Amino acid sequence: MASPIDDGTFASTAYSSTDIDILSETIDINISKGFHKADYDIAYEIYSDKAEERIPLIFEVFEEYMSDDSYESFVIKVDGQTVPVLKNYDYESGSTALPSYYDAETDTAIPFNSNAKYFEIDLSKGNHVITVDYSAYPTIDRSNWTNQYIYSYSLKPAKTWKSFGDLTVNLKIADESQYLKTNLGKPLSGAIQVDSKWFFDHIPKDVLEISYQQPPSSLAQWLIDLDGRVVFLVSIMLFGFIHYRSLRWSHERRSKKAKTILWLGVLIVPFIALMIVFYKIYLIDWLLGENASRYHGYIFLIVVFGYPLALPFYLIIMKLCDSYLKRIFYYPHK
């Protein structure tokens, strides 16, 4: 069975040269209705203490299957001027342009992802503003009845900076804030709202995480909690009673259709009861609407394996009922 996790955009802050000071980073995240897409607008205020120094900034922002559109939507500006975005991996030569970076925590050199993007520019001495704009898609966790949408933004590269000034996170969403969670603590307003702001003078987390999961409605939750075995027993008793009444009616009238009614019911009633259990899952998904994860595994096995188990028991019960009715109405075998 496939994984319940659909990977979205991997996003991180910049890996920078140790020749520049990053005075501040401002992350504006605007998440669209339904939590299906987010626009990231990130601004770095930097200081270069050397004139005409060629400064690289590297961004590991990528999706599992990058398209040309993904690259084109990634826009970098330095002091308001758009600069070319370069790719780490060259498909023609099969080589990468970026060297590995040193990870002090693991004391190892780690290569950049082949989809990493970067730019190089000669900066004059003094302050500069670098902005990065791109769209991202959430990782979707489908392991529960409703989807959990997760946006992650790695702040760990900030540990490679020469210095860390401050971090501002502005978050806007087009959905209800009551279903929103972050790992950044309380915003400046004290409670998460559709427009929230955080300010830090340190790196708060290695990974900034924003998640959204709308819970099931009360009716959908009641159906989720309703055990499938209970649904099956109630269904087979209900349709079994209808089957019994039909069989009794045919015996009362000494109908030649009694045998047909017996065997048709034996074959059909367990199947109908199992199908009700099967379609209960689809009913829940329908009630959940677009937030339904629809990740239930091989639910057709409910019928495939359930039917051979239920059929013999139902056959025995109905054969006993048939014998009882024959004795009552003196309906001899033919």
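# A tour from strand β4 to helix α5

Begin by selecting strand β4 (residues 20-31) together with strand β18 (residues 164-173), which run parallel and are joined by 9 bridges; strands here are DSSP runs of E with at least two residues, helices are runs of H or I with at least four residues, both numbered from the N terminus, and two strands pair if DSSP finds at least two bridges between them. What you have open is a predicted model, in which local features need pLDDT of at least 70 and side-chain atom pairs count only at pLDDT 80 or more, while totals for chains, interfaces and linings use all residues. Residues are numbered from 1 along each chain as its sequence is written, and side-chain values use heavy atoms, with hydrogens and water left out.

Within this pair, pick Asn 30, which stands opposite Lys 172 in β18. Then add strand β20 (residues 195-200), which pairs with β18 in the antiparallel sense over 6 bridges, and look for Asn 170, whose opposite residue in β20 is Lys 197.

## The whole chain

Zoom out before going further: the protein chain has 5 helices and 21 strands, and 40% of its 334 residues count as buried, a word that stands for under 20% relative accessible area, with exposed meaning over 50% and partly exposed the range in between (1.4 Å probe, protein chains only). The chain exposes about 18,500 Å², of which carbon and sulfur atoms supply 58%; these areas come from the Shrake-Rupley method with a 1.4 Å probe, and for residues only the protein chains shown count as cover. Among contacts (heavy atoms within 4.5 Å) between residues at least 6 apart in sequence, 78% join residues at least 24 apart.

## Strand β17 and Ser 154

Next, select β17, residues 148-154. Because 5 of its 7 residues are buried, β17 is largely enclosed by the rest of the structure. Three strands can be coloured around this one.

- Strand β2 (residues 11-12) runs parallel to β17 and is joined to it by 2 bridges, with Ser 154 as the bridge partner of Ser 12.
- Strand β16 (residues 139-141) runs antiparallel to β17 with 3 bridges, Thr 139 has Ile 150 as its bridge partner, and a hairpin of 6 residues joins β16 to β17.
- Strand β21 (residues 207-212) pairs with β17 in the antiparallel sense over 6 bridges, and there Leu 208 is the bridge partner of Tyr 153.

Now centre the view on Ser 154, which is buried at a relative accessible area of 11%. Leaving aside neighbours within four places in sequence, Ser 154 is in contact with Ala 11, Ser 12, Thr 13, Asp 206 and Val 207. The side chain of Ser 154 also reaches the backbone nitrogen of Lys 156 at 3.4 Å.

## Salt bridges

From Ser 154, move to Asp 206, one of its contacts, whose side chain meets that of Lys 159 in a salt bridge (2.9 Å, N to O); the term requires a side-chain nitrogen of Lys or Arg within 4 Å of a carboxyl oxygen of Asp or Glu. This pair links distant parts of the chain, with Asp 206 in the loop between β20 and β21, Lys 159 in the loop between β17 and β18, and their positions 47 residues apart in sequence. Asp 206 is partly exposed at 32%, and Lys 159 is likewise partly exposed, at 43% relative accessibility.

A search of the whole structure finds 7 salt bridges. Select Lys 33 and Asp 175 for another of these, where the closest N and O atoms are 3.7 Å apart. Lys 33 is exposed at 59% relative accessibility, whereas Asp 175 is buried at 11%.

## Leu 57

Leu 57 lies in strand β6 (residues 53-59), and at 0% relative accessibility this residue counts as buried. Which residue, 63 places away in sequence, should you select to see a C-alpha to C-alpha distance of 6.7 Å from Leu 57? That residue is Glu 120. Beyond four places in sequence, Leu 57 touches several residues, including Ala 14, Ile 20, Tyr 118 and Ile 130.

## Helix α5

Finish at helix α5 (residues 301-329), where Phe 305 is found and is exposed, with a relative accessible area of 55%. Further along, Asp 322 and Lys 326 both lie in α5, 4 residues apart, or about one turn of the helix; their side chains meet in a salt bridge (3.4 Å, N to O), and both residues are buried.

How values were computed:
Polar contact = N/O pair within 3.5 Å; in protein donor to acceptor, adjacent residues only side chain to side chain.
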